[in-house]
Amino acid sequence: MTDLNELAQEVASLSMTEGNDFEFMDALDHIEEAGKTTDAEIGNLRNILNSFRLKLPNRETLNPDRVRAKDLAETLMLATLIQRIDRINARNDALTRLSNALQTQIDKANNDANRLNQIKEAVDEATKTVSEVKALVAELTATDVTIKNKLNALIEILADVSTIFSA
Amino acid sequence: MSKVKQSRLMTIVLIVSIFFTACSVPDISKFTDLSSEMTRGIRKGVKDTENLLKAASERDDLYSAETIEKIQTQLKNYQKAVKPTVAALDGLDAYLEALNALSQANKKSGENASAAVTSVANLVNAVTGFTVAGSTINIATGLLTLAEEFRTARDFKKRVTLAAEIVEGIRLERDETGKPLKDENGQLIFLRTCTDDASDQIIEASKRIRSIAEPVLKSLNKEQSKALKTLQPEKKWERLRSWGVLSDSDFKTITDKMIVIDNYSCGVIDFIKFNVQDLKQINEAVSQVMYTSAREKNRVVLGFYESILANDRRVQNELERILNFKALISIINQYVNDGAKERALKTKLTLKNTLDSIFILDSEIETAVMDRIRMCAADCGEMLRVLQTSTDRSSCDEECRRALEETLGRITRPQFDRSVSLIEAILDNRAKTLFEQNQRYLADLARIKPSYDSVNVELNAIKSKQNQLDVLLDSSLTALDAWAETHANLRIAVNTKKPLTASKLASKVREIWGIINPETD
């Protein structure tokens with residue numbers, strides 16, 4: 001396996017203004033060679049190649065190497081892209097399982113919240129009815145049969161409120 | 001007090017105590033808002049990565065048709081691959097919204113229950129003497145039953161604890177019988193096993209499962225596929241084995257690999273972080289190649305401009321030395337006129353150093369000056385010797401320095417003036433040429449500057465987008481950590497009835513939005 005540290009040093013020592021074509025050609029050969037064997041360190045190799053490309057002098061004699069370097073850079077870019085998307089995909093089943101488990105908890109929490117809102121609505125209803133009863137009670141006289149009947153009917157409604165809770 | 005009245009009062013007391021217990025749930029509205037802001041920022045990172053791939057796939061000036069086609073394929077794969085990540089972010093929002101709704105409903109129910117209890121108490125007083133007490137008790141019993149059900153089976157604490165295992169990437173420490181263990185304060189003990197190597201190991205295990213499952217799933221008929229869809233994931237493998245399409249050894253491999261994945265107990269937050277780290281790598285790879293290729297495409301403009309700039313800098317450098325030389329002559333003459341011999345001698349040494357610098361920059365001047373001084377012969381005294389003496393640290397020791405000063409001291413004023421006038425004439429001539437060169441370079445620079453600037457605008461835009469996305473993704477990673485920390489605080493707050501703090505998450509969310517909207521930061 002190619003030592004990427006050595007390769008990085010070789011590229012670092014290249015000079016855009018003083019480096020000769022042989023030095024650049026050799027460095028590119030070494031980078032290409034490393035590309036065949038260092039699958040796990042694709043990111044490092046990409047960075048080394050990028051430094052190389054940025055240093056490559058603008059000389060016609062190096063044009064074939066420029067094309068080779070560009071092709072290799074695109075290959076490594078696509079390899080990174082495929083590798084990273086593949087990694088995300090590989091973890092997706094596990095992530096989806098967790099999301100589903102979380103959804104179960106969300107449903108339960110929403111169910112709890114709805115139940116509490118039911119309590120609130122029931123309590124509101126009861127409070128409203130109680131207020132009406134209180135108003136009627138204020139008008140109540142011991143002999144007023146009509147009011148007594150109305151009051152009994154309201155109390156029955158109040159009793160029915162309890163059925164909301166057990167729904 | 002009658003038994004009926006005592007019973008009513010007891011019921012009311014029970015309702016009040018239950019709803020007051022419910023009021024200990026912390027306020028998580030701030031956490032909910034911050035989480036929503038955080039996930040919005042992370043979604044932007046996911047979308048910007050997609051936009052980067054789209055932009056790359058449209059650069060036919062930078063990539064070959066073949067490469068563009070491959071980028072387009074990967075763009076589709078990316079869009080499909082990040083869907084579960086976006087769904088998980090939606091899940092985090094939905095979870096906190098549900099929890100917040102629960103918290104708010106709980107709080108309001110407590111308040112309303114209190115009001116209702118008062119009303120019911122008033123009613124009890126109002127209807128005293130009427131035969132309707134049984135109805136009142138029914139209401140109280142209904143409330144009591146419901147509140148008890150909520151308290152025992154659907155409480156907030158339980159929701160938070162169960163969700164913590166899913167989102168935070170922790171798991172309860174249990175004894176051999178499966179019972180959760182508690183610490184000395186009676187709190188549940190949580191373990192974190194989602195270690196640094198989890199991502200790679202989960203990928204390896206998932207790939208192994210897929211390599212076995214995919215051909216098996218493809219071999220199923222329509223009825224089998226339909227039947228399988230209704231099952232839980234763990235039941236699917238058993239069903240496939242029962243149909244004889246999954247061998248015992250493959251079933252064992254799959255269940256073993258599932259155990260590997262489950263044993264890490266990584267949470268939703270961990271998985272989103274793993275994915276964000278992959279997005280960072282995608283951004284770096286695509287942006288880097290795009291930048292270098294764009295730079296290479298424009299190498300003529302960039303190279304020409306930078307080359308003129310470098311040459312002009314050299315010309316200006318030499319011109320500056322020549323001007324310095326001329327300035328030193330005036331200073332030396334002044335010292336000589338003032339009788340400051342010592343100072344004049346030292347400045348003459350500076351003059352020699354300045355001339356040596358010019359020689360280094362321009363060998364033509366060195367040759368011309370040496371020739372002219374050599375021809376000047378006795379009229380210039382020992383000036384040739386002075387000029388030929390190297391003042392390098394390595395070649396001129398103490399003795400050499402003393403000898404140089406002595407030689408300079410022996411040069412008479414007429415000899416010095418004669419030498420300097422000859423040198424100055426050469427330098428003036430050179431300065432004229434350099435000045436013309438400088439003017440030409442400046443004119444060239446002005447001419448190609450618009451092209452150069454437009455190339456730089458393009459390059460800077462690529463670089464700036466890359467940096468912005470990189471920083472956004474970095475901040476997303478730390479914000480996700482802060483989210484998990486806040487959720488852990490929520491667990492503690494629920495158990496200790498202390499208020500929930502989310503200041504760290506708030507700071508991370510501000511950081512994310514400062515990156516997305518720098519001008520409003």
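Modeller: Welcome! One definition before we start: a residue counts as exposed if 12 or fewer other C-beta atoms lie within 10 Å of its own, as buried if there are 20 or more, and as partly exposed in between. Please also keep in mind that this is a predicted model.

Colleague: Thanks! Then let me try it out: is Asp256(B) buried or exposed?

Modeller: Asp256(B) sits in helix H10 of chain B. Inside 10 Å it has 12 C-beta neighbours. The limit for this class is 12 or fewer, so Asp256(B) counts as exposed.

Colleague: And which residues of H10(B) are buried?

Modeller: Helix H10 of chain B runs over residues 248-264. On the other side from the buried ones, Asp248(B), Ser249(B), Lys252(B), Asp256(B) and Ile259(B) are exposed. The buried residues of H10(B) are Ile254(B), Lys257(B), Ile261(B) and Tyr264(B).

Colleague: How wide is the arc in which the buried residues of H10(B) fall?

Modeller: An α-helix has 3.6 residues a turn, so residues three or four places apart point the same way. Here the buried residues are Ile254(B), Lys257(B), Ile261(B) and Tyr264(B). They line one face of the helix, because seen down the axis of H10(B) they fall within an arc of 85 degrees.

Colleague: How far apart are the end C-alpha atoms of H10(B)?

Modeller: Helix H10 of chain B has 17 residues. At 1.5 Å a residue, they should span 24 Å. The model agrees with this, as the end C-alpha atoms are 25 Å apart.

Colleague: What comes just after H10(B), and which residue there takes a positive phi?

Modeller: What follows is the loop between H10 and helix H11 (268-297) of chain B. The residue in question is not a glycine, yet its phi is positive, at about 50 degrees. With 20 other C-beta atoms within 10 Å, it is also buried. Its name is Ser265(B).

Colleague: Ala377(B) also has a positive phi. Is Ala377(B) buried or exposed?

Modeller: Ala377(B) is not a glycine either, and its phi is about 50 degrees. You will find Ala377(B) in the loop between helix H14 (363-376) and helix H15 (383-388) of chain B. Because Ala377(B) has 9 other C-beta atoms within 10 Å, it is exposed.

Colleague: Let's look at another helix. How wide an arc do the buried residues of H3(B) cover?

Modeller: Helix H3 of chain B, residues 65-81, reaches 24 Å from its first C-alpha to its last. Its buried residues are Thr67(B), Ile71(B), Gln74(B), Tyr78(B) and Ala81(B). They are on the same side of H3(B), because around the axis they cover an arc of only 75 degrees.

Colleague: Which residues are exposed on the other side of H3(B)?

Modeller: First find the buried side, where Tyr78(B) is one of the residues. Then turn to the other side of the helix, where the exposed residues are Ala65(B), Glu69(B) and Lys76(B).

Colleague: Now chain A, please. Is Leu98(A) buried or exposed?

Modeller: Leu98(A) lies in helix H4 of chain A. Leaving out residues up to four places away in sequence, Leu98(A) touches Ile166(B), Gly267(B), Val268(B) and Phe271(B). With 22 other C-beta atoms within 10 Å, Leu98(A) is therefore buried.

Colleague: How many residues does the largest nonpolar core have?

Modeller: Those with the most contacts inside this core include Phe52(A), Tyr95(B) and Val167(B). Its largest share, 14 residues, comes from helix H4 (residues 63-139) of chain A. Another core, of 19 residues, lies apart from it and includes Ile322(B) and Val386(B). As for the largest nonpolar core, its number of residues is 101.

Colleague: Which residue of chain A is in contact with Val167(B)?

Modeller: We leave aside the neighbours of Val167(B) within four places in sequence. From chain B, its contacts include Leu92(B), Tyr95(B) and His487(B). From chain A, the residue in contact with Val167(B) is Leu102(A).

Colleague: How many helices does chain A have?

Modeller: Chain A has zero strands. Read along the sequence, its pattern is α-α-α-α-α. The number of helices is five.

Colleague: Last one: what distance separates the centres of domain 2 and domain 3 of chain B?

Modeller: The domain assignment of chain B places domain 2 at 195-264 and domain 3 at 300-454. Taken over C-alpha atoms, their centres are separated by 81 Å.

Notes: Residues numbered from 1 in each chain as written. Chains lettered and ligands numbered in written order. Predicted model: local features only at pLDDT ≥ 70, side-chain atom pairs only at ≥ 80, totals over all residues. Core = buried A, V, L, I, M, F, W, Y, C linked by C-beta atoms within 7 Å. Helix = DSSP H or I, 4+ residues; strand = E, 2+ residues; numbered from the N terminus. Contact = placed C-beta atoms within 7 Å. Expected span 1.5 Å × (residues − 1). Arc of directions from axis to C-beta. Domains from an automatic or database assignment.
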